[in-house]
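Here is a brief report on one helix contact and one pocket. Have the sequence and the 3D view ready as you read.

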Amino acid sequence: MDAGTLETLLRSTASMPLLTALVIAASTLLLEDAATIAVGLLASQMLVDPATAVAALMIGTVTGDLGLYAAGRSAAGHRWAARLQAKVSPAAIAKLTSGAGLAIAAARFIPGTRLPIFTASGLLAVPFPRVALIVTAMSAIWTPALFWISSTAGAAGAARLGAAAPTAAVGALALALLAPKLLRRRAA
(Lines give C-alpha, C1' and ligand atoms only; values in the text may rest on other atoms or scores of the structure.)
Protein backbone atom coordinates (compact mmCIF):
# COMPACT_ATOMS: atom_id res chain seq x y z
CA MET A 1 0.00 0.00 0.00
CA ASP A 2 1.48 3.35 -0.96
CA ALA A 3 0.88 6.75 0.62
CA GLY A 4 -1.59 7.73 -2.12
CA THR A 5 -3.76 4.66 -1.55
CA LEU A 6 -3.66 5.22 2.20
CA GLU A 7 -4.57 8.87 1.75
CA THR A 8 -7.52 7.92 -0.46
CA LEU A 9 -8.75 5.38 2.10
CA LEU A 10 -8.39 7.84 4.96
CA ARG A 11 -10.18 10.59 3.06
CA SER A 12 -13.06 8.22 2.36
CA THR A 13 -13.33 7.24 6.04
CA ALA A 14 -12.79 10.72 7.51
CA SER A 15 -16.32 10.95 8.89
CA MET A 16 -16.00 7.51 10.56
CA PRO A 17 -13.24 7.68 13.21
CA LEU A 18 -13.43 3.98 14.10
CA LEU A 19 -13.07 2.92 10.48
CA THR A 20 -10.24 5.43 10.05
CA ALA A 21 -8.45 3.88 13.02
CA LEU A 22 -8.95 0.39 11.58
CA VAL A 23 -7.51 1.46 8.22
CA ILE A 24 -4.49 2.99 9.95
CA ALA A 25 -3.93 -0.07 12.17
CA ALA A 26 -4.27 -2.41 9.19
CA SER A 27 -1.81 -0.35 7.15
CA THR A 28 0.90 -1.00 9.75
CA LEU A 29 0.64 -4.71 9.06
CA LEU A 30 2.00 -4.10 5.56
CA LEU A 31 4.76 -1.54 6.13
CA GLU A 32 4.59 -0.05 9.57
CA ASP A 33 7.26 2.66 9.32
CA ALA A 34 5.99 3.79 5.93
CA ALA A 35 2.43 3.81 7.28
CA THR A 36 3.55 5.81 10.32
CA ILE A 37 5.27 8.39 8.12
CA ALA A 38 2.32 8.59 5.71
CA VAL A 39 -0.19 8.97 8.54
CA GLY A 40 2.02 11.62 10.18
CA LEU A 41 2.07 13.56 6.94
CA LEU A 42 -1.70 13.23 6.62
CA ALA A 43 -2.14 14.44 10.21
CA SER A 44 -0.05 17.51 9.37
CA GLN A 45 -2.61 18.26 6.65
CA MET A 46 -5.43 17.75 9.20
CA LEU A 47 -6.77 14.73 7.29
CA VAL A 48 -6.66 12.52 10.41
CA ASP A 49 -6.89 13.25 14.12
CA PRO A 50 -3.36 12.95 15.56
CA ALA A 51 -4.43 11.22 18.80
CA THR A 52 -6.53 8.67 16.93
CA ALA A 53 -3.72 8.17 14.43
CA VAL A 54 -1.03 7.50 17.05
CA ALA A 55 -3.30 5.14 19.00
CA ALA A 56 -4.18 3.21 15.84
CA LEU A 57 -0.53 3.09 14.75
CA MET A 58 0.48 1.73 18.17
CA ILE A 59 -2.27 -0.89 18.18
CA GLY A 60 -1.40 -2.02 14.66
CA THR A 61 2.34 -2.09 15.31
CA VAL A 62 2.15 -4.03 18.57
CA THR A 63 -0.45 -6.42 17.15
CA GLY A 64 1.69 -7.11 14.08
CA ASP A 65 4.84 -7.69 16.12
CA LEU A 66 3.08 -10.02 18.55
CA GLY A 67 1.53 -11.77 15.57
CA LEU A 68 5.03 -12.58 14.32
CA TYR A 69 5.88 -13.96 17.77
CA ALA A 70 2.68 -16.07 17.66
CA ALA A 71 3.64 -17.39 14.22
CA GLY A 72 6.97 -18.50 15.67
CA ARG A 73 5.27 -20.17 18.64
CA SER A 74 2.90 -21.93 16.28
CA ALA A 75 5.75 -23.09 14.04
CA ALA A 76 7.62 -24.48 17.06
CA GLY A 77 5.22 -27.45 17.11
CA HIS A 78 6.05 -28.57 13.57
CA ARG A 79 8.50 -31.37 12.81
CA TRP A 80 10.86 -29.18 10.78
CA ALA A 81 11.22 -26.81 13.75
CA ALA A 82 11.94 -29.67 16.13
CA ARG A 83 14.63 -30.96 13.74
CA LEU A 84 16.12 -27.49 13.53
CA GLN A 85 16.09 -27.06 17.31
CA ALA A 86 17.67 -30.52 17.74
CA LYS A 87 20.68 -29.30 15.75
CA VAL A 88 21.25 -26.42 18.18
CA SER A 89 22.71 -27.17 21.60
CA PRO A 90 20.55 -26.42 24.66
CA ALA A 91 23.30 -24.05 25.86
CA ALA A 92 23.15 -22.10 22.59
CA ILE A 93 19.35 -21.90 22.79
CA ALA A 94 19.60 -20.68 26.42
CA LYS A 95 22.13 -18.03 25.38
CA LEU A 96 19.95 -16.90 22.47
CA THR A 97 16.90 -16.76 24.72
CA SER A 98 18.70 -14.81 27.46
CA GLY A 99 19.88 -12.22 24.93
CA ALA A 100 16.54 -12.04 23.16
CA GLY A 101 15.33 -9.01 25.09
CA LEU A 102 18.08 -6.82 23.69
CA ALA A 103 17.55 -8.19 20.19
CA ILE A 104 13.79 -7.56 20.44
CA ALA A 105 14.41 -3.98 21.58
CA ALA A 106 16.97 -3.33 18.85
CA ALA A 107 14.67 -4.80 16.17
CA ARG A 108 12.33 -1.84 16.58
CA PHE A 109 15.06 0.47 15.27
CA ILE A 110 16.86 -1.68 12.69
CA PRO A 111 14.95 -2.09 9.42
CA GLY A 112 14.40 -5.65 8.22
CA THR A 113 15.00 -7.33 11.58
CA ARG A 114 11.51 -7.52 13.07
CA LEU A 115 10.31 -10.52 11.06
CA PRO A 116 13.25 -12.81 11.89
CA ILE A 117 13.74 -11.66 15.48
CA PHE A 118 10.11 -11.68 16.60
CA THR A 119 9.43 -14.97 14.84
CA ALA A 120 12.58 -16.54 16.29
CA SER A 121 11.55 -15.31 19.74
CA GLY A 122 8.35 -17.28 19.40
CA LEU A 123 10.16 -20.29 17.99
CA LEU A 124 12.60 -20.28 20.92
CA ALA A 125 9.73 -19.80 23.43
CA VAL A 126 10.98 -16.53 24.87
CA PRO A 127 8.36 -15.81 27.55
CA PHE A 128 5.41 -13.94 26.04
CA PRO A 129 5.09 -11.35 28.85
CA ARG A 130 8.71 -10.35 28.32
CA VAL A 131 8.27 -10.04 24.54
CA ALA A 132 4.98 -8.13 24.90
CA LEU A 133 6.49 -5.69 27.40
CA ILE A 134 9.56 -4.97 25.25
CA VAL A 135 7.55 -4.69 22.02
CA THR A 136 5.06 -2.33 23.65
CA ALA A 137 7.75 -0.19 25.31
CA MET A 138 9.86 0.14 22.16
CA SER A 139 6.79 0.85 20.04
CA ALA A 140 5.73 3.52 22.54
CA ILE A 141 9.05 5.26 21.89
CA TRP A 142 9.52 4.73 18.16
CA THR A 143 6.02 5.08 16.75
CA PRO A 144 5.09 8.46 18.34
CA ALA A 145 8.58 9.81 17.59
CA LEU A 146 8.40 8.85 13.93
CA PHE A 147 4.81 10.14 13.71
CA TRP A 148 5.75 13.44 15.33
CA ILE A 149 8.79 13.96 13.12
CA SER A 150 6.86 13.16 9.95
CA SER A 151 3.96 15.39 10.96
CA THR A 152 6.19 18.33 11.88
CA ALA A 153 9.28 17.98 9.69
CA GLY A 154 7.72 16.20 6.74
CA ALA A 155 8.98 13.21 4.83
CA ALA A 156 12.59 14.45 4.72
CA GLY A 157 12.80 14.66 8.54
CA ALA A 158 11.29 11.19 8.93
CA ALA A 159 13.72 9.78 6.37
CA ARG A 160 16.64 11.29 8.33
CA LEU A 161 15.39 9.65 11.53
CA GLY A 162 15.00 6.33 9.73
CA ALA A 163 18.54 6.59 8.34
CA ALA A 164 19.97 7.33 11.80
CA ALA A 165 18.11 4.48 13.53
CA PRO A 166 20.61 1.68 12.69
CA THR A 167 23.51 3.78 14.00
CA ALA A 168 21.63 4.59 17.19
CA ALA A 169 20.69 0.93 17.64
CA VAL A 170 24.31 -0.20 17.23
CA GLY A 171 25.38 2.40 19.79
CA ALA A 172 22.67 1.29 22.23
CA LEU A 173 23.59 -2.35 21.68
CA ALA A 174 27.29 -1.63 22.30
CA LEU A 175 26.44 0.30 25.45
CA ALA A 176 24.19 -2.49 26.70
CA LEU A 177 26.91 -5.08 26.07
CA LEU A 178 29.67 -3.01 27.66
CA ALA A 179 27.72 -1.64 30.64
CA PRO A 180 27.96 -4.79 32.81
CA LYS A 181 31.75 -4.97 32.28
CA LEU A 182 32.20 -1.29 33.05
CA LEU A 183 30.04 -1.53 36.16
CA ARG A 184 31.97 -4.58 37.41
CA ARG A 185 35.29 -2.77 36.93
CA ARG A 186 34.01 0.27 38.75
CA ALA A 187 32.70 -1.82 41.65
CA ALA A 188 36.05 -3.62 42.01
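## Helix contact and pocket

Helix α3 (residues 50-75) packs against helix α7 (residues 114-123) at an angle of about 45 degrees, and their axes lie 6 Å apart. That angle is neither under 35 degrees nor in the range 65 to 115, so α3 counts as oblique to α7. The crossing of α3 and α7 is right-handed. This is a predicted model.

Which residues meet? From α3 come D65, L68, Y69, G72, R73 and A75. Facing them in α7 are R114, L115, F118, T119, S121, G122 and L123. By class, the contact of α3 with α7 holds 6 nonpolar, 4 polar and 3 charged residues.

Now the open space. The largest pocket has a volume of about 240 Å³. Its lining includes T28, L29, L30, L31, E32, D33 and A34. G60, G64, D65, L68 and R114 also line the largest pocket. Two elements, α2 (17-44) and α3, each give two or more residues to this lining. The largest share, 7 residues, comes from α2.

The two sites can be set out by residue class.

| Site | Nonpolar | Polar | Charged |
|---|---|---|---|
| Contact of α3 with α7 | 6 residues | 4 residues | 3 residues |
| Lining of the largest pocket | 5 residues | 3 residues | 4 residues |

Some names appear at both sites. D65 and L68 of α3 and R114 of α7 belong to the helix contact, and D65, L68 and R114 are also listed in the pocket lining.

How values were computed: Residues are numbered from 1 along each chain as its sequence is written. This is a predicted model: local features need pLDDT of at least 70, side-chain atom pairs count only at pLDDT 80 or more; totals for chains, interfaces and linings use all residues. Side-chain values use heavy atoms; hydrogens and water are left out. Axes are lines fitted to C-alpha atoms, for helices over the stretch in contact, and angles run from 0 to 180 degrees between N-to-C directions. Helices (H or I, at least four residues) and strands (E, at least two) are DSSP runs, numbered from the N terminus. Angles under 35 degrees count as roughly parallel, over 145 as roughly antiparallel, 65 to 115 as roughly perpendicular and the rest as oblique. A crossing is left-handed if the near helix is turned anticlockwise from the far one by less than a right angle, and right-handed if clockwise. Contact means heavy atoms within 4.5 Å. Ala, Val, Leu, Ile, Met, Phe, Trp, Tyr, Cys and Pro count as nonpolar, Asp, Glu, Lys and Arg as charged, and the others, Gly among them, as polar. On a 1 Å grid over the protein atoms alone, a cavity is a set of points where a 1.4 Å probe fits but cannot get out, and a pocket is an open set with protein on both sides within 12 Å along at least five of seven lines; lining residues have an atom within 4 Å of a point. Grid points are joined across faces, edges and corners, and a volume is the space filled by probe spheres set on the points.
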